[in-house]
Amino acid sequence: MQKISVNFSQKCLQILSEILISSASAVVFLFLDLLDAIFCVFFKLIDEFFEGKSSGCYCSIENEEEEAEKKSDSDNELSNTLHKRRNLFRGIRFRRNVSSRRKLNENVRWSDCSCENCVSWMSNIAGELKLHVVVKDIHQVNLEDFKGKKAENIVFLHGFLSSSTFWTETIFPYLSEDAMQKYRLLAVDLLGFGKSPKPSNCLYTVKDHVEMIESSVIQPFELNSFHIVAHSMGCVVALALAAKHSHSVRSITLIAPPYVTSTKEDVSLTALNRLAARRLWPPLLFGSSFMSWYEHLGRCVCYIICKNHRIWEGILKLLTWNRNLHFMAIDLTRHTHHSAWHTMHNVLCGGAKFMDKYLETLKITKVKIKVIQGSRDQVVPMESGNNVKMKVPNAEVKIVDNADHTSIVIGRERELCKDLEKLWGSIC
C-alpha cells in the first residue's frame with residue numbers, strides 16, 4: 001500500500017512539473033517571439049547603416065511560402081522551417097527574396113569576426129573555395145603523392161558547431177598501429193565551420209555540403225574506395241554523400257544520427273520540433289530552440305560570442321589558468337550566424353525529407369551501415385538507431401549505456417576505435 005502511495009505521489013509531481021514547465025515555456029517563448037520581431041527591425045536599420053542596404057531575413061510568411069509550394073517537396077533543397085516557424089508577431093516583419101542556388105560570395109559582414117583565423121579561407125590566391133582537410137597518412141607526403149594510390153581511405157565528418165579537431169583530438173591518436181599501416185585518415189571541416197569557407201550568400205543545403213566535399217576531398221585525392229565516419233549533423237551529409245557514391249563507399253558509421261521520421265507531409269517541421277522543441281527544460285534543449293527558432297536573437301548571440309571570441313577565450317584562459325583551451329570551446333565560435341542558421345535548417349531539418357531516399361539507395365547497394373548511439377542522448381531521438389534498422393534491416397545498431405551526445409565519442413575513444421577498426425577490417 002505504501003509503495004502504491006509513493007508511486008502515485010511521484011506521478012503527481014511529474015504531472016505538476018510538466019504543467020509548470022509547459023506554462024512557463026509558453027510565456028517565455030511568447031516574449032521571445034515579440035523580441036525577435038523587434039530585433040528584425042533593428043537589424044534592418046543597422047545593416048543599412050553599416051552596409052548600405054538592409055539585410056534579408058526569413059520573417060515573411062506570404063510570398064516565400066507561395067514560391068515554395070510551387071516546387072515539389074522532394075526537389076526543394078530549402079527547408080520549410082525557414083519560413084514556417086510559428087510566431088504570432090511574424091506579420092509585422094520584412095520580406096526577403098531567396099533563390100535556391102546562388103554563387104558563393106566572400107564578403108564578411110559587420111556582425112561577423114574578421115580576425116586572421118576566421119577569414120584565413122579568403123586568402124586563397126586561386127579564388128576557388130576549398131574545404132579545410134586534415135590528412136593523416138603513414139608517411140608525410142604532399143597531395144600529389146596521394147594520387148593514384150590504392151589505399152583504404154576513411155573520411156570523417158563532424159557534427160554541428162564543431163570541426164575536424166573533433167576527430168583529430170579524439171580518434172586519430174587512439175587508432176592502433178596496425179590501423180595506421182592500412183588506412184589514410186581524412187578529417188574535413190564542413191562548409192561554414194572551422195577553417196573552411198563561410199560564404200555569406202550560400203544557403204548551406206545538403207547539396208552544397210556534398211559538392212564541396214567532392215571538389216575538396218573526393219576528386220583531388222581520387223577516392224575510388226572509402227569508408228565514412230560521421231557524428232550528429234555530419235550523419236545527414238554522410239548519408240547524402242554515401243548515396244551519391246554508393247559504389248565507392250565501403251561502410252558508413254553513424255554516431256548519434258539525427259534521423260527523424262514522420263507520417264506527416266512536412267517532415268522538416270517535425271525534425272525542428274523534435275530536435276529543438278520550444279521548452280525551457282532541459283537547458284540544452286532551450287539553447288537549441290532559442291538559436292533555431294529565432295533568427296535575429298540568434299544573430300545577437302553570435303555577435304556577442306562569435307565576433308568577440310578572442311575576448312571570451314582570453315577570459316576563459318584567465319579563469320582556468322590554462323593557455324590551451326579545450327578544442328570544443330574553440331570550435332563553438334568558428335562559424336558565422338549565417339552558416340550555422342542555414343545549416344541547422346537546410347541540413348538537420350531540411351535534410352530529414354531526403355533521409356529515407358538515402359537509406360533506400362544504400363540498402364539496394366548493400367553498403368554496410370553501423371549506428372552507435374548513447375542511452376542518455378538528449379539531443380537526437382533515442383529511436384533514431386531503430387528507425388535506421390527498420391529502413392535497412394542489415395544495419396548494425398549499438399546502444400552505449402550512460403553515454404550522451406558528446407560522451408559517445410569523448411571519454412570512450414579507445415572503445416570506439418576498436419569498433420571502427422573491427423568494422424573496417426571485416427569489409428577489407
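Modeller: A cavity here is a set of grid points where a 1.4 Å probe fits but cannot get out. The model is predicted.

Biologist: How much space lies in the largest cavity?

Modeller: By that rule, four cavities of 30 Å³ or more are counted. The space in the largest cavity comes to about 180 Å³.

Biologist: Which residues lining the largest cavity are the closest to its centre?

Modeller: The lining of the largest cavity is made of 20 residues. Of these, the closest to the centre are Asp 112, Cys 113, Lys 198, His 335 and Thr 336.

Biologist: Which helix gives the most residues to the lining of the largest pocket?

Modeller: The largest pocket holds about 1,000 Å³ of space and is lined by 36 residues, with Phe 160, Leu 161, Leu 284, Ser 288 and Leu 332 the closest to its centre. Helices H10 (283-293), H11 (295-305), H13 (327-331) and H14 (337-349) are the elements that give two or more residues to this lining. With six residues, the one that gives the most is H10.

Biologist: Why is one side of each edge strand left without a neighbour in the sheet, and which strands are these?

Modeller: The sheet is open, with seven strands in the order S1-S3-S2-S4-S5-S6-S7 and mixed pairing. An edge strand has a single partner strand, so one of its sides has no neighbour in the sheet. From one strand to the next the twist averages 15°. The edge strands are S1 (133-136) and S7 (396-400).

Biologist: What angle does the direction of helix H16 make with that of S6?

Modeller: Strand S6 (residues 368-374) pairs with S7 in the parallel sense over five bridges, and Lys 370 has Glu 396 in S7 as its bridge partner. Helix H16 (residues 384-391) packs on the sheet and touches both S6 and S7. The direction of H16 makes with that of S6 an angle of about 160°.

Biologist: Which helix gives the most to the largest nonpolar core?

Modeller: The largest nonpolar core has 63 residues, and those touching the most other members are Leu 157, Ile 213, Ile 228, Ile 252 and Ile 369. Nine residues of this core come from the helix that gives the most, H8 (residues 234-244).

Biologist: Which residues does Ile 252 touch?

Modeller: Residues up to four places away in sequence are not counted. Contact requires heavy atoms within 4.5 Å. On that basis Ile 252 touches Ile 228, Ala 238, Leu 239, Ala 242, Val 367, Lys 368, Ile 369 and Lys 370.

How values were computed:
Residues are numbered from 1 along each chain as its sequence is written. This is a predicted model: local features need pLDDT of at least 70, side-chain atom pairs count only at pLDDT 80 or more; totals for chains, interfaces and linings use all residues. Side-chain values use heavy atoms; hydrogens and water are left out. Two strands pair if DSSP finds at least two bridges between them. Helices (H or I, at least four residues) and strands (E, at least two) are DSSP runs, numbered from the N terminus. Axes are lines fitted to C-alpha atoms, for helices over the stretch in contact, and angles run from 0 to 180 degrees between N-to-C directions. A nonpolar core is a set of buried Ala, Val, Leu, Ile, Met, Phe, Trp, Tyr and Cys residues joined through side-chain atoms within 4.5 Å. Buried means under 20% relative accessible area, exposed over 50%, partly exposed in between (1.4 Å probe, protein chains only). On a 1 Å grid over the protein atoms alone, a cavity is a set of points where a 1.4 Å probe fits but cannot get out, and a pocket is an open set with protein on both sides within 12 Å along at least five of seven lines; lining residues have an atom within 4 Å of a point. Grid points are joined across faces, edges and corners, and a volume is the space filled by probe spheres set on the points.
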